[in-house]
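I opened this structure to look up a few things and note them as I went. Helix faces, ring contacts and pockets were on my list.

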Amino acid sequence: RKVPVAEGDLLVLSVDDVMGRQFLLASFHGDTNGLATKPVLAEVHKLAQSFPQRKLIFGLDANTYERGSSDKQDVLDWATDYVSKGYTSCWGDVPNPKNHTTFNARTFLQAQLQKAAKSTEMAAKGDKNPKDFILFRKDNFAVMSTTKDNTGKRSYTENMVFPTLAFPSDHGIVATKLSFIQPSA
């Protein structure tokens, strides 16, 4: 099966911090329906296994959906996949499907008027889903805090459609503070 990944969708870097700690940092922009998300994780996981001394931190626009289907990646199915490989996310092993990081809808000022949503139809016609994640091995890191932002002011306004003039992205910013888990002796 062909995986819908375009040139530039995946970036992987091998870096050392100033203390000599070794990391594998990865970033992925998933296809609209999230169908590449699991196959790309499988490949990044294989790469990470070939560098066991490097701790993987993987930021993704996974394009997962609150309610998946045969042609849209379900968020809970995605979580089962990453947990099966030894990872967890900034949202935990079982993310809340209603913890949305996108909420956008077409307006009548854009092309494709048939897709435009009246203000009363924003939730039904818009894209309001839990799409953005930071993954890491649960034996390497623990989450100290996770925040999301759709305002540019380090806050998230639930049920607000974006982008806006003040916040030009159609995905919220996800930030996670991690602490190292020390290996047991």
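**Helix H2 and its two faces**

I began with the outer side of H2: the face turned away from its buried side carries the exposed residues Thr80 and Ser84. I kept in mind that this is a predicted model.

Next I looked up the buried residues of H2. They are Val75, Trp78, Ala79, Asp81 and Tyr82. These residues cover an arc of only 160 degrees around the axis, so they lie on the same side of H2. I noted the background: an α-helix has 3.6 residues a turn, so residues three or four places apart point the same way.

**Aromatic pairs**

How many aromatic pairs does the structure hold? I found nine.

I took Trp78 and Phe133 from the pairs. Their ring centres are 6.1 Å apart and their planes stand at 80 degrees; with the cut-off for edge-to-face at over 60, the pair is therefore edge-to-face. I then checked where the two partners sit. Trp78 is in helix H2 (residues 75-84) and Phe133 is in strand S7 (residues 132-137). They are 55 residues apart, so I logged the pair as a link between distant parts of the chain.

Is Trp78 buried or exposed? Trp78 has a relative accessible area of 0%, so I entered it as buried. Phe133 has 2% relative accessibility, so it counts as buried too.

I turned to Phe162 and Phe167. Their ring centres lie 5.8 Å apart with planes at 75 degrees, so this pair is edge-to-face as well. Phe162 has 0% relative accessibility and counts as buried. Phe167, at 5%, also counts as buried.

I also looked for clusters. Phe23, Phe136, Phe141 and Phe180 form one aromatic cluster.

**Charges over rings**

Which residue lies over the face of Tyr87? I found Arg137 there, 5.8 Å from the ring centre. Over the face of Tyr156 I found Lys148, at 4.2 Å from the ring centre.

**Largest pocket**

I looked up the volume of the largest pocket: about 580 Å³. Its lining has 20 residues. Asn104, Lys125, Gly126, Asp127 and Lys128 lie nearest the centre.

I sorted the lining by class. It has nine charged, seven polar and four nonpolar residues. Helix H3 (122-125) and strand S6 (127-129) each supply at least two residues of this lining.

**Second largest pocket**

The second largest pocket holds about 180 Å³ of space. I listed part of its lining: His45, Ala48, Gln49, Phe51 and Pro52 are among the residues there. Tyr87 and Arg137 are also among them. I had already met these two as a ring with a charge over its face.

Which element gives the most to this lining? H1 does, with three residues. Helix H1 (37-49) and strand S3 (55-61) each supply at least two. By class I noted five nonpolar, three polar and four charged residues.

**Thr147**

I ended with Thr147. Its place is in strand S8 (residues 141-149). At 44% relative accessibility, Thr147 counts as partly exposed, because the value falls between the 20% and 50% cut-offs. I then looked up its distance to Thr164. The two are 17 residues apart in sequence and 19 Å apart in space, C-alpha to C-alpha.

Conventions:
Residues numbered from 1 in each chain as written. Predicted model: local features only at pLDDT ≥ 70, side-chain atom pairs only at ≥ 80, totals over all residues. Heavy atoms only, no water. 1 Å grid on protein atoms, 1.4 Å probe; cavity = no way out; pocket = protein on both sides within 12 Å on 5 of 7 lines; lining within 4 Å. Points joined across faces, edges and corners; volume = space filled by probe spheres on them. Helix = DSSP H or I, 4+ residues; strand = E, 2+ residues; numbered from the N terminus. Nonpolar A, V, L, I, M, F, W, Y, C, P; charged D, E, K, R; others polar. Phe/Tyr/Trp six-rings, centres within 6.5 Å; stacked < 30°, edge-to-face > 60°. Buried < 20%, exposed > 50% of the residue type's maximum accessible area, 1.4 Å probe, protein only. Lys NZ or Arg CZ within 6 Å of the ring centre and 35° of its normal. Arc of directions from axis to C-beta.
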